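Please work through the following exercises with the sequence and the 3D view open side by side, and try each task before reading its solution.

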Amino acid sequence: MSLDALVEQFKQKDEKAFETLYNMYSKSMHGVIYNIVRDNDIAEEVMQDVFVKAWHNASSYSSDKGRFFTWILNISRNAAIDKTRSKNFKNSKQNLNSDFFVDILETSDSLDNSTDAIGIKKFVTKLAEKCKKVIELLYFKGYTQSEVSETLDMPIGTVKTRNRQCIQELRTIVLKNGY
Amino acid sequence: MDIKAYIESGILELYVAGALSEAENKEVYALMQQHPEILQEVLDIELAIVELTASVSQSTTRKSLELIKKTLGFNGTDDAKVISIAKPKYNWITYTGWAASIILAVGLLWTVTQNNQLKSNIQTVETQKSQLEIEIEFAKTNLDKAKTLISVLRDENITQVPLTGQGPFAATYAKVYWDTNAKRIFLDVDGLPDPPQGMVYQVWSLTLNPLTPVSLGTLDQFTTDDNKIFEIANPNQSEAFGITLEPAGGSASPTMEQLYTLGVVASS
């Protein structure tokens with residue numbers, strides 16, 4: 001079944017379609033949320049909320065506005081940022097470190113059980129610093145192209161091409177792992 | 001349009017990131033529909049990003065989906081069947097809890113109803129009590145009156161004067177108990193019929209030589225008085241007593257045609 005058809009069924013509140021999409025994207029959403037909140041349990045909780053919210057707001061998604069993955073990615077980033085702004089969270093996490101997603105990959109031991117993660121880990125550690133930042137800001141933090149351009153003091157055109165090069169490299173790793 | 005250059009521009013990577021404007025998103029979507037190469041490129045980019053972001057996740061739990069499905073109230077899943085093993089116990093506790101709270105609620109309602117019922121009962125009893133108190137008071141007054149009468153009747157200074165029916169009123173009668181010391185009479189008019197509307201009985205004290213009537217007043221309370229015994233002041237040296245029927249308010253002198261009863265005081 002095509003992804004479009006699956007998303008269409010999800011919009012019609014099909015429980016099986018929801019479950020399939022959850023299995024496809026929940027780990028990614030957890031990763032993105034974890035990168036922001038830096039707490040496994042909180043990330044799990046926020047991720048659950050995100051999928052519940054997605055189900056309730058399924059009718060508001062429209063494919064001509066963007067990818068379904070992008071839509072739920074956006075919900076996740078916003079939910080995670082909202083979480084970090086909550087009072088309870090601020091109290092428990094006085095000094096949230098500003099490390100990038102790559103630091104998680106580099107310091108993590110629990111990734112050893114996943115072959116594709118090992119591949120990605122090797123890949124990101126070899127990435128140029130600016131490339132890491134671009135990926136971090138665009139995919140993990142949800143910056144717009146002009147925001148990235150401002151933050152990294154880089155023309156928008158460069159942001160686009162550099163990002164494309166980084167993603168191209170990433171794709172070769174993913175393909176190598178059988179996708 | 002140069003599809004290859006469009007792909008190489010890096011706009012599709014930003015599209016997947018959600019970093020484009022709404023207008024740009026619509027444009028990319030439209031091009032994806034027209035050019036399969038663009039769609040395939042987007043799918044490949046998306047897959048790479050899904051893998052990249054997933055690699056950051058250190059999630060070890062598999063419980064989230066179950067929790068979400070439970071939150072959303074999904075049914076007919078394998079997970080639901082697994083849960084169903086533990087269900088009876090859960091249900092037993094739940095039902096017992098509900099049953100207990102329903103019983104408690106019904107009990108409370110019943111108590112409130114009872115309380116209101118009792119309050120209304122108390123009110124009824126209070127009303128009955130005050131009615132009885134009034135009746136007792138009434139009875140006491142009656143008893144006092146009766147005692148006074150008895151004491152009067154027993155008094156040896158009392159002069160009894162029977163008044164007999166006169167002319168067409170021969171069937172009527174009355175009786176005067178005259179307490180000369182206290183200068184009062186007790187008039188028993190139980191033998192008189194109720195006066196017609198607008199008329200009253202008037203009591204007269206008479207001296208016989210010459211025949212002089214002195215009014216002792218009218219019996220305005222005749223119909224409402226229970227025992228038909230009236231206490232009337234009488235300072236006169238009466239030689240006889242008479243009762244006539246007069247227009248309401250009484251008359252200056254007795255109407256002899258309407259003389260009901262008459263009695264002469266026995267000279268001692």
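The exercises below concern a predicted model, and each is followed by a worked solution.

**Exercise 1. The make-up of chain A**

Task: Determine how many helices and strands there are in chain A, and what percentage of its residues count as buried.

Solution: Begin with the secondary structure, where chain A turns out to have ten helices and zero strands, so that its pattern along the sequence reads α-α-α-α-α-α-α-α-α-α. Next take the burial count, by which 37% of the 179 residues of chain A are buried. Finally, consider the contacts in chain A with a separation of 6 or more, of which 55% are between residues 24 or more positions apart.

**Exercise 2. The side of chain B that touches chain A**

Task: Work out which helices of chain B each supply at least two residues of the side that touches chain A.

Solution: The first step is to count the residues on both sides, which gives 37 residues of chain B in contact with 51 residues of chain A. The second step is to assign the chain B residues to helices, and here α2 (11–17), α3 (22–34), α4 (36–56) and α5 (63–72) of chain B each contribute at least two. The largest share, 13 residues, belongs to α4(B). The third step is to sort this side of chain B by residue class, which yields 19 nonpolar, twelve polar and six charged residues.

**Exercise 3. Two packings of one helix**

Task: Describe how helix α3 of chain A packs against α5(B) and against α4(A), giving the angle and the distance in each case.

Solution: Two packed helices are described by the angle between their axes and the distance between the axes.

Step one takes the pair across the two chains, in which the axes of α3(A), residues 40–56, and α5(B) come within 10 Å and cross at roughly 40°. Because this angle falls outside the ranges for roughly parallel, roughly perpendicular and roughly antiparallel helices, α3(A) and α5(B) are oblique to each other. The crossing of this pair is right-handed. On the α3(A) side the contact is made by A:Glu44, A:Met47, A:Gln48, A:Phe51, A:Val52 and A:Trp55, and on the α5(B) side by B:Ser64, B:Leu67, B:Ile68, B:Thr71 and B:Leu72. Sorted by class, the residues of this contact are seven nonpolar, three polar and one charged.

Step two takes the pair within chain A, where α3(A) packs with α4(A), residues 68–85, at an angle of about 135° and with the axes 9 Å apart. That angle likewise makes α3(A) oblique to α4(A), and their crossing is right-handed. In this contact α3(A) uses A:Ile42, A:Val46, A:Asp49, A:Val50, A:Lys53 and A:Ala54, while α4(A) uses A:Ile72, A:Ile75, A:Ser76, A:Ala79, A:Ala80 and A:Lys83. The class count here is eight nonpolar, one polar and three charged residues.

**Exercise 4. An annotated span in chain B**

Task: Find what UniProt places at residues 92–112 of chain B, and establish what percentage of the span is helix.

Solution: The unreviewed UniProt entry places the feature "transmembrane region" at these residues. In the predicted model the span is 100% helix and 0% strand, and its end C-alpha atoms lie 30 Å apart.

**Exercise 5. The surroundings of B:Ile232**

Task: Decide whether B:Ile232 is buried, partly exposed or exposed, and list its contacts beyond four places in sequence.

Solution: Locate B:Ile232 first, in strand β6 (residues 229–233) of chain B. A residue needs 20 or more other C-beta atoms within 10 Å to be buried and 12 or fewer to be exposed; B:Ile232 has 15, and is therefore partly exposed. Apart from neighbours within four places, its contacts are B:Arg184, B:Ile185, B:Leu187, B:Val203, B:Leu216 and B:Gly217.

**Exercise 6. Backbone exceptions**

Task: Identify where A:Arg38, B:Lys228 and B:Pro210 lie, and state what is notable in the backbone of each.

Solution: Most residues other than glycine have a negative phi, and most peptide bonds are trans. A:Arg38, in the loop between α2 (15–37) and α3 of chain A, has a positive phi near 55°. B:Lys228, in the loop between β5 and β6 of chain B, also has a positive phi, of about 55°. B:Pro210 lies in the loop between β4 (199–207) and β5 (212–218) of chain B, and the peptide bond joining B:Asn209 to B:Pro210 is cis, with omega about -5°.

Conventions:
Residues are numbered from 1 along each chain as its sequence is written. Chains are lettered from A and ligands numbered from 1 in the order in which they are written. This is a predicted model: local features need pLDDT of at least 70, side-chain atom pairs count only at pLDDT 80 or more; totals for chains, interfaces and linings use all residues. Helices (H or I, at least four residues) and strands (E, at least two) are DSSP runs, numbered from the N terminus. Two residues are in contact if their C-beta atoms, placed from the backbone, lie within 7 Å. Ala, Val, Leu, Ile, Met, Phe, Trp, Tyr, Cys and Pro count as nonpolar, Asp, Glu, Lys and Arg as charged, and the others, Gly among them, as polar. UniProt positions are given in the numbering used here, feature names are shortened, and annotations may be inferred rather than shown by experiment. Axes are lines fitted to C-alpha atoms, for helices over the stretch in contact, and angles run from 0 to 180 degrees between N-to-C directions. Angles under 35 degrees count as roughly parallel, over 145 as roughly antiparallel, 65 to 115 as roughly perpendicular and the rest as oblique. A crossing is left-handed if the near helix is turned anticlockwise from the far one by less than a right angle, and right-handed if clockwise.
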